[in-house]
Structure formats: C-alpha cells, structure tokens
Amino acid sequence: MQRRHLLAASSAALALPGYSLDFAAPNPPAAMRASVDRIVDIAVGIRPFRAQGPRIEAEKRFGKTVVHHYGHGGSGWSLSWGSAQRALALIQSRGVRPGERIAVIGCGAIGLTTARTAQQAGYKVRLYAKDRPPRVHSSAATGLWTPDSRIITSENASEAWTTDWEAMARASFKVHQSYLGLPSGPVEWHDGYVVADEDFDQALPGHIGEPDYPELSSRIADLRPQGKALSAAEHPFRKPHARRFTQLIFNIPAYQRLLLDDFARDGGELVQREFRQPRDFARLPERVVVNCTGDGARKLLGDTSMTPVRGQTARLIPQPEVDYALIYRGQNLVVLPRRDGLLVAAMGEHDFGNDDLRPDRAQSEAAVQRLAGLF
Ligand SMILES: Cc1cc2nc3c(=O)[nH]c(=O)nc-3n(C[C@H](O)[C@H](O)[C@H](O)COP(=O)(O)OP(=O)(O)OC[C@H]3O[C@@H](n4cnc5c(N)ncnc54)[C@H](O)[C@@H]3O)c2cc1C
C-alpha cells in the first residue's frame, strides 16, 4: 500500500497529463524518458521470412541426415521451443539413438533452443556457427511473445498448417514459462498499454509492400489475460484511446546467455565455422546435421523461398522503474521495458525484401520522438 502511494505521488510530481490519483491500474506507470541523447545502441537484424512458413524437414544428403530448421520470420523467439520439438521428432524418427553426438549449425534463437531440446532428449550436441550472440540476427529482436508475426502468408495458411502452428505455439509457451522467476529475468510477464489516435474499431492498413498475413492470434487467445479498455482517467498518456494488456517479454541478452551457459554445462561444444556450400556438411564427423542458419540458408542453400525482412531496434538507457510496454497503434512504435534498456522498435518503409544491415539512426530517432509525444 505504501509503495503504491509513493509511486502515485512521484508520478503526480512528474505532472503526467491526464494522470489521476485514483488511477486503477495495478502498477501506476512511471514516465519513460524518451530523448534521442539517451539512445545507447541501435541494432539491425534480418527476419528469415518464408511465405510457406518455417522449413522443418529432413533429407538424406552426403550420407547424412540433414534436418532443415529455418525460416521463422518475426516469430523465431516465440515459436522456438515448439519448433525445436518438431525438429527433434524428425531426428528420433530416423532411428538416431540418444547418446549419439549430433551437429547443430547456427547459434541464434533456433539453433540454441534446438541444441538444448536435443540435449534434454539425451543427445550430445556440437554447435557450429559463423557467429554467436550478440552477433546474430536473433540478438536484434524486440522480445515480445509474437508466434504469429510474419510466419506465413494468408494464402499458404491451410487448416492443417494452422493446427500444427497452434500446437507449436502452445508447446513453446509452456517451455517459456519454465524460465520465469530466474535472477537474470530471461522471461517476464509485464503489463502494457496500446494507445491510439483513432478508435480501436478502425482497421489498420497492412505494412506497405508486404503480403497478407493470416489472423492467428485468436487461436491462442486463452494463453494471456484479456485486455481492458481504459477511460482517460485510467491512463496517463496524451492520447484519447488506450487499452491495457498483459504480455510475455523476453530479455534477449539474458535469455541467450542462459541458453549458452546451460548448453555448455550439459557438455555442449561450440565451434566457430562458416559453411559456404551444403557439401561442407559432408566433412562433419556427425551423422545428423540440423541446419538452423536462419537467413543464412538463403545463401548457403540458394533457397529462393526465403525473403529477408529487415528490422531495427534502439535501446534507451535502462529505466528499472518503468515496468510496462507501450504500443502506439498505427504509428509504428513498440516499446518494451527490457532490463538492458527501453527497447524502441519501429519498422522502416522498405524493410520487406531488404537485407541492408546498416543502422539508420534517423529512423530510430524519429521513433523516440514519437514516443516523447506520448508523455
Ligand atoms: C528487429 C527484429 C525484431 C524481432 N522481434 C521478435 C519478437 O519480438 N519476437 C519473436 O519471437 N521474434 C522476433 N524476431 C524474429 C526472430 O528474431 C527471428 O525469427 C529469429 O532471430 C530467427 O532465429 P535463427 O536462429 O533462425 O536465425 P539467426 O539469429 O540469424 O541465427 C542464425 C545462425 O546461423 C549462423 N549461420 C548462418 N549462416 C551460416 C553459415 N553459412 N555457416 C555457419 N553458420 C551460419 C549464424 O552465424 C547464426 O549463428 C525479430 C527479428 C528482428 C530482426
């Protein structure tokens, strides 16, 4: 009670417009300090998008079992564990016995979770990767539970595919919950606010130049609490419309580090190596190779079904007192209260089909300025 009173008083001292002392949210929100001189880092990454959905299939090549496991679009962190269970099932269905050492290529979200899943099933694992965190695309991710983000196009999302996706999403969700409550906070639940200029009933246009994506979230709506519309007195933001939601958030650096530590603790080996062509798999001593190269598969396999989708995130100096996410609906702005900083994500105008890794500071500064306008 005392803490709640203190927080309310300090927010009032900040003179948040529209803020009311009888504010009904469980945690009255502290103001985000949104100014461009607080940007400490800008990261650019590529979402490995595949119109048909992720490729999870096995083939016999060079006398080896090669399990392809890539193409998770904007959902790789969210879907990772469920997807890894699919890849593991393919290994097991080939009669590969626990105790045997397998090779996993790639040290992003998919490679790391695949390696851990295989270890937990009793396999020895050697990870091969050109780069490791934080120099992988997965390190640039926002960190929201979004298993439905750029994961397939509407025209490819058959009922069978959608049922399988739902099972993967649910399996993944369950494993993410086992990472709650740890000191480094790899996975946390946070409240958040969606604010808007227009009524929430108004449909939003899709991203320019992108295909239609299916509406999948209703299939797993039971996995998080229902949102709630807020009156002007119930939120401090300078916008007429707001909703509160509760969402699962990944503190990406802590999550990656924990996965790497757990991998090593269970006897995993990590080898730095670049594969220039599939024939390079033939030189590996392991009989089973799991190809988790993400966007790298485009070049390595010449896979034209892959489309790179550029993404950029900026971090503002951490504000531990800010414990809520903020989305400015229709205005290209998502902010997460990550432990390594306030994470500000915004799309660029030409990100679809774009693999340009050069940071665009003006894009992140504009996003931070949009954020400042909300307080
Ligand atoms: C800006 C942005 C925001 C995102 N936000 C979210 C989010 O909020 N939630 C969510 O769930 N997902 C999000 N995603 C998507 C998610 O990050 C991706 O789906 C995920 O990173 C894919 O992981 P990966 O392991 O397949 O690929 P990567 O992280 O790219 O890892 C690939 C690995 O393979 C290695 N490799 C590649 N080619 C070769 C080669 N030839 N030889 C040897 N090694 C090779 C690389 O070095 C690396 O280790 C976001 C992505 C971006 C870019």
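## Exercises on a ligand shell and its aromatic neighbours

An oxygen atom of the ligand sits 3.2 Å from a polar backbone atom of Trp-77. Keep that contact in mind as you work through this predicted model.

**Exercise 1.** Find what other N or O atoms of the protein lie by the ligand, at Ser-138 and at Phe-275, and work out how much of the ligand the protein covers.

*Solution.* Start with the side chain of Ser-138: one of its N or O atoms is 2.5 Å from an oxygen atom of the ligand. Next, go to Phe-275, where a polar backbone atom is 2.8 Å from a nitrogen atom of the ligand. Now turn to the area: on its own the ligand has 1000 Å² of accessible area, and the protein covers 96% of this.

**Exercise 2.** Describe which elements, residue classes and domains build the shell around the ligand.

*Solution.* Begin with the elements that give two or more residues: strand S1 (39-50), helix H2 (76-93), helix H3 (109-120) and strand S11 (306-316). Of these contributions, S1 makes the most, with four residues. Then sort the shell by class, which yields 13 nonpolar, 19 polar and five charged residues. Among the 37 residues around the ligand, those that come nearest are Gly-73, Ser-78, Asp-131, Ser-138 and Phe-275. Finally, look at the domains: because domain 1 (17-45 + 187-248 + 309-372) and domain 2 (47-171 + 252-304) both give residues to the shell, the ligand lies between them.

**Exercise 3.** Classify the ring pair of Trp-77 and Tyr-255, then do likewise for Tyr-193 and Tyr-324.

*Solution.* Two quantities are needed, since a pair of aromatic rings is described by the distance of the centres and the angle of the planes. The count comes to 14 aromatic pairs. For Trp-77 and Tyr-255 the centres are 5.5 Å apart and the planes meet at 25°, so this pair is stacked. Trp-77 belongs to helix H2 and Tyr-255 to helix H5 (residues 252-265), so the pair ties together parts 178 residues apart in sequence. Both of these residues, Trp-77 and Tyr-255, are buried.

For Tyr-193 and Tyr-324, the values are 5.6 Å centre to centre and 80° between the planes, an edge-to-face pair. Tyr-193 is in strand S6 and Tyr-324 in strand S12 (residues 324-328), so to place the link, note that these distant parts of the chain are 131 residues apart. Tyr-193 and Tyr-324 are both buried.

**Exercise 4.** Is Ile-208 buried or exposed?

*Solution.* Locate Ile-208 in the loop between strand S6 (187-196) and strand S7 (228-230). Its relative accessible area is 74%, so Ile-208 is exposed.

Technical notes:
Residues numbered from 1 in each chain as written. Predicted model: local features only at pLDDT ≥ 70, side-chain atom pairs only at ≥ 80, totals over all residues. Heavy atoms only, no water. Buried < 20%, exposed > 50% of the residue type's maximum accessible area, 1.4 Å probe, protein only. Near = heavy atom within 4 Å. Polar contact = N/O pair within 3.5 Å; in protein donor to acceptor, adjacent residues only side chain to side chain. Areas by Shrake-Rupley, 256 points an atom, 1.4 Å probe, with all protein chains shown as cover. Nonpolar A, V, L, I, M, F, W, Y, C, P; charged D, E, K, R; others polar. Domains from an automatic or database assignment. Phe/Tyr/Trp six-rings, centres within 6.5 Å; stacked < 30°, edge-to-face > 60°.
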